[in-house]
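User: Hi! I'd like a close look at one part of this model, with the helices and the sheet beside them taken together.

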Amino acid sequence: MFKKLIALMLVLCVLLACFAACGEDAPKGSFTLVDQAGRSVTIDDKVEKIVSCYYVSSYAVMALGLSDRLVGIENKADTRPIYGFAAPGFLELPAVGTMKESNVELIASLEPDLVIMPVKLAEAAEALTGLGFNVILVNPESHEALCGMLSLIGEACGASKKADELIKYYENKMADLTKLTDGVKAPKVYMGGNSSYLTTAPAGMYQSFLIGLAGGENAAAGLEGNYWTEVSYETILAYNPDVIIIPAGAEYTAEDIIADKQLSALVAVKNSAVYKMPSGIEEWDSPIPSGIVGAMWLTSVLHPTLYTQDNFASDAAAFYETFYNFKPDAALLK
């Protein structure tokens, strides 16, 4: 009896070890998700092949440890430095389209188990659904929606544990930054748009969220909307920001702003407090999985005595090592 009991325990140990090895990625059978467009999507088996039609979802695929499952990617992948560092194989994948249009025939020929598309491609999503493919639509235009997208992709692909880990990192780091700047005077921050510094981020944009999280006050918080909004020189002069931030993808420089005589009366210009976000890895002002790194960088700019550049560089390097499996060169973080 004792030997039989030992044998049974050994069998149980083997089974438990097998379950542990399989982990979340083991097939779960049929299950239904609701995507960020409110569509119900039923997935019948393990997701082995993924097509991502949107750079934000491609970044999420990397951050969730699913890079080896991607078989198709958005156009212009070679313009995104992060792929060269974290997933060079992405650069060899078929380009399936843009946020405005996608190549349904090419996507279908890749025989994906899951297609991830932005909500703007709802029509193409329905065409692929009609062909029998699983498609989830995502719309990560805020911090909450970004976390929702990560959870959605994680659940669809058996990577919920990694998604939860990343979201938990956000929560902890957000709490740290908030505590760090609690009670400290918030500098007024003006963030220029990508195409012109005569556009700015209104209250509804993700960039406004980053400014607040970094202990700043968005100069354009009184503007409504969720996209870059055109403003006049008079408006910027009335804002009179303490700091001007230029997004990583901007077509102009800090020198352009400082040299503009119509802005010479600004406190930010007088103090040369005009900074462009680093662009060597990703555009941190966007609602992407590493957007929290943008808040960390901005905190180091707005409150350099509380959170130094060295603090930021150390935290950012640890983030990329944990979620993207590479250590960035320090020069890329400045």
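Which residues of α7 meet which residues of α13? Please start there and then work outward into the neighbouring elements.

Analyst: Happy to walk you through it. Keep in mind that this is a predicted model.

Let's begin with your contact. On the α7 side, the residues are K162, E165, L166, Y169 and K173. They meet D315, F319, T322 and F323 of α13. Sorted by type, the residues of this contact come to 4 nonpolar, 1 polar and 4 charged. Helix α13 covers residues 309-323, and its axis comes within 12 Å of that of α7, with a crossing of roughly 170 degrees. An angle over 145 degrees counts as roughly antiparallel, and α7 and α13 are therefore roughly antiparallel to each other.

Now to another partner of α7. Helix α7 spans residues 160-181 and packs with α12 at an angle of about 15 degrees, the two axes being 10 Å apart. That angle makes α7 roughly parallel to α12. As for handedness, α7 and α12 cross in the left-handed sense. From α7, the contact draws on Y169, Y170, K173, M174, L177, L180 and T181, while α12 supplies I292, A295, M296 and T299. Here the division is 8 nonpolar, 2 polar and 1 charged. Two names may look familiar: Y169 and K173 belong to the contact with α12, and both also appear in the contact with α13.

T299 is a good residue for a closer look. It sits in helix α12 and counts as buried, because its relative accessibility is 0%. Leaving aside residues up to four places away in sequence, T299 touches L177, L180 and T181, along with L213, A214, P304 and Y307. Of these, L177, L180 and T181 are on the α7 side of the helix contact described above.

From here we can follow α12 to the sheet. Helix α12, residues 291-302, lies across β7, β11 and β12, and runs at about 150 degrees to β11. One residue to follow on this helix is V301. V301 has a relative accessible area of 16%, so it is buried. Again setting aside residues up to four places away in sequence, V301 touches I245 and Y275. Those two residues are themselves bridge partners, I245 in β11 and Y275 in β12. V301 and A273 are also worth comparing, since they are 28 residues apart in sequence but 9.2 Å apart in space between their C-alpha atoms.

The sheet itself is open and has 4 strands in the order β9-β7-β11-β12, with parallel pairing. At its edges stand β9 (217-218) and β12 (274-276), each with a single partner strand, so one side of each has no neighbour in the sheet. In general, strands of a sheet pair through backbone hydrogen bonds, in a parallel or an antiparallel manner.

Strand β11, residues 243-246, is joined to β7, residues 188-191, by 3 bridges, and the two run parallel. Within this pairing, Y190 has I244 as its bridge partner in β11, and M191 has I245. Toward β12, the pairing is likewise parallel and has 3 bridges. I245 therefore has a bridge partner on either side of β11, as M191 is its partner in β7 and Y275 its partner in β12. Looking at the side chains of β11, V243 and I245 point one way, I244 and I246 point the other way, and all of them are buried.

Finally, a stop just before β12 for your backbone checks. In general, most residues other than glycine have a negative phi. S272 has a positive phi of about 55 degrees, although it is not a glycine. Its place is in the loop between α11 (267-270) and β12, and with a relative accessible area of 44% it is partly exposed. K76 is another non-glycine residue with a positive phi, near 60 degrees. That residue is found in the loop between β4 (70-72) and α3 (81-86), and it counts as exposed at 63% relative accessibility.

Key:
Residues are numbered from 1 along each chain as its sequence is written. This is a predicted model: local features need pLDDT of at least 70, side-chain atom pairs count only at pLDDT 80 or more; totals for chains, interfaces and linings use all residues. Side-chain values use heavy atoms; hydrogens and water are left out. Contact means heavy atoms within 4.5 Å. Axes are lines fitted to C-alpha atoms, for helices over the stretch in contact, and angles run from 0 to 180 degrees between N-to-C directions. Angles under 35 degrees count as roughly parallel, over 145 as roughly antiparallel, 65 to 115 as roughly perpendicular and the rest as oblique. A crossing is left-handed if the near helix is turned anticlockwise from the far one by less than a right angle, and right-handed if clockwise. Ala, Val, Leu, Ile, Met, Phe, Trp, Tyr, Cys and Pro count as nonpolar, Asp, Glu, Lys and Arg as charged, and the others, Gly among them, as polar. Buried means under 20% relative accessible area, exposed over 50%, partly exposed in between (1.4 Å probe, protein chains only).
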